[in-house]
Amino acid sequence: MTFGEAVRDLPQAVETTVAYQNPYTDEWVETERFNALVEPSRAREQARDEDADTDPLFHVPTDSYSIINPVDVYGPLEEVLREETIDGTPLGDVMFGEIRRYRGGGEVHMDIMFDGLEVRLPGRSDPITMGVTSGYDFFGEHAVYVEGFAQDGYCSNTMRSLTDKEVIKHVGDVRNFRTWWEELLAQVELVADDLFEFIRDAQDIDLDFSELPFTVTEFYTLLGFPDYLAERAAGDAEANAASPFEIDMWTLHSGATYALTHFFQGKEGASLDQYVRIANDILFNPEGTIERVEQAYEQQLEADGDDGSQASLAGERALASIERVSDDLQEKVEQFEEREDALRERFQEAMG
């Protein structure tokens with residue numbers, strides 16, 4: 001199925017009249033609003049006297065809701081994909097992906113990737129393919145969102161939130177989607193240019209777990225992953241590292257994305273997004289990741305209480321070992337920050 005066919009096959013939304021039922025007369029009262037909340041004593045008075053002065057319907061501010069249908073959003077993307085090229089080939093000819101429907105098709109998420117817009121790592125036959133993840137719903141949460149996205153073909157891991165998430169609400173003016181898509185695709189191309197450098201730098205930062213006071217699984221739980229995801233992430237990272245005791249930050253990031261891609265039990269949305277941010281920090285902000293682990297470990301020690309001088313001394317030694325890792329990172333932090341600042345600046349230029 002082509003992208004255009006898939007978009008036109010998605011459910012549409014139209015406006016229709018809404019009414020509320022007066023519980024005392026069983027009469028249906030039409031309203032221009034989308035939902036109705038009524039005051040019972042006023043409804044009772046209206047049942048006794050049709051000419052009652054007081055209206056039982058409370059005001060519900062829904063008249064500013066703007067319906068945005070999938071064709072409104074993705075029709076302009078179709079046009080852009082016919083005109084934008086990679087190596088002389090229209091993006092529409094090299095795109096692939098999937099569309100997922102929830103709640104009767106009223107909530108939709110999709111992943112769109114472009115064959116050839118990719119990052120290739122030494123020693124791997126399969127590339128990391130770039131694209132966007134996008135979606136919308138008709139329930140007032142967001143009319144449409146989009147963010148940079150990639151899939152690691154080597155392990156089928158999904159890398160989300162590679163650009164800032166752009167969101168358009170159901171309220172207010174709807175912008176020019178054609179221009180919007182042109183700017184967003186420019187951002188994705190910028191990420192593709194820089195992603196290799198971020199990965200290469202992260203591969204140079206190793207955590208020696210034989211010197212740290214926690215296991216690989218505990219590393220992920222200290223970051224905030226639930227136990228079932230931490231175990232999956234640790235298993236993948238250990239399996240793909242040269243040594244299960246010395247693992248670089250790229251492999252730790254890959255373990256996190258593996259767990260989220262294949263084993264996350266929740267629904268797409270805020271819950272998944274928070275874990276994606278944690279995973280991405282391992283790659284893009286290693287210093288912040290170590291600081292988060294150190295703070296969580298210190299809080300854990302405090303929660304466990306002081307069981308004597310020996311336990312207290314052991315805790316201090318454990319924290320010192322984490323701080324040594326943080327100190328070793330300092331010389332590499334600057335290059336991460338400079339690259340991220342430069343990328344953010346180019347994002348702003350791309351978004352006009």
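Leaving aside its neighbours within four places in sequence, which residues is asparagine 157 in contact with? In this predicted model, the answer is Ala150, Gln151, Asp152, Ser254, Thr257, Tyr258, Thr261 and His262. Asparagine 157 belongs to strand β9, which covers residues 157–159, and it counts as buried because its relative accessible area is 1%, where buried means under 20%. One of those partners can be described in finer detail, since a polar atom of the asparagine 157 side chain lies 3.1 Å from the backbone oxygen of serine 254.

Let me turn now to the aromatic rings, for which a search of the whole structure finds 15 pairs. Phenylalanine 209 and phenylalanine 214 have ring centres 6.2 Å apart and planes at 70°, so this pair is edge-to-face, a label that needs an angle over 60 degrees. Phenylalanine 209 is buried at 7% relative accessible area, and phenylalanine 214 is buried too, at 6%. In another pair, phenylalanine 264 and tyrosine 275, the centres are 6.2 Å apart and the planes stand at 65°, so that pair is edge-to-face as well. Phenylalanine 264 lies in the loop between α7 and α8, while tyrosine 275 lies in helix α8, so the pair ties together parts that are 11 residues apart in sequence. Both of these residues, phenylalanine 264 and tyrosine 275, are buried. Ring pairs link these four residues with Phe219, Tyr220, Phe225 and Tyr297 into a cluster.

Tyr297 brings us to helix α9, where it is among the buried residues, which also include Pro286, Ile290 and Val293. Helix α9 has 19 residues, 286–304, and its end C-alpha atoms are 27 Å apart, which agrees with the expected span of 27 Å.

Conventions
Residues numbered from 1 in each chain as written. Predicted model: local features only at pLDDT ≥ 70, side-chain atom pairs only at ≥ 80, totals over all residues. Heavy atoms only, no water. Helix = DSSP H or I, 4+ residues; strand = E, 2+ residues; numbered from the N terminus. Buried < 20%, exposed > 50% of the residue type's maximum accessible area, 1.4 Å probe, protein only. Polar contact = N/O pair within 3.5 Å; in protein donor to acceptor, adjacent residues only side chain to side chain. Contact = heavy atoms within 4.5 Å. Expected span 1.5 Å × (residues − 1). Phe/Tyr/Trp six-rings, centres within 6.5 Å; stacked < 30°, edge-to-face > 60°.
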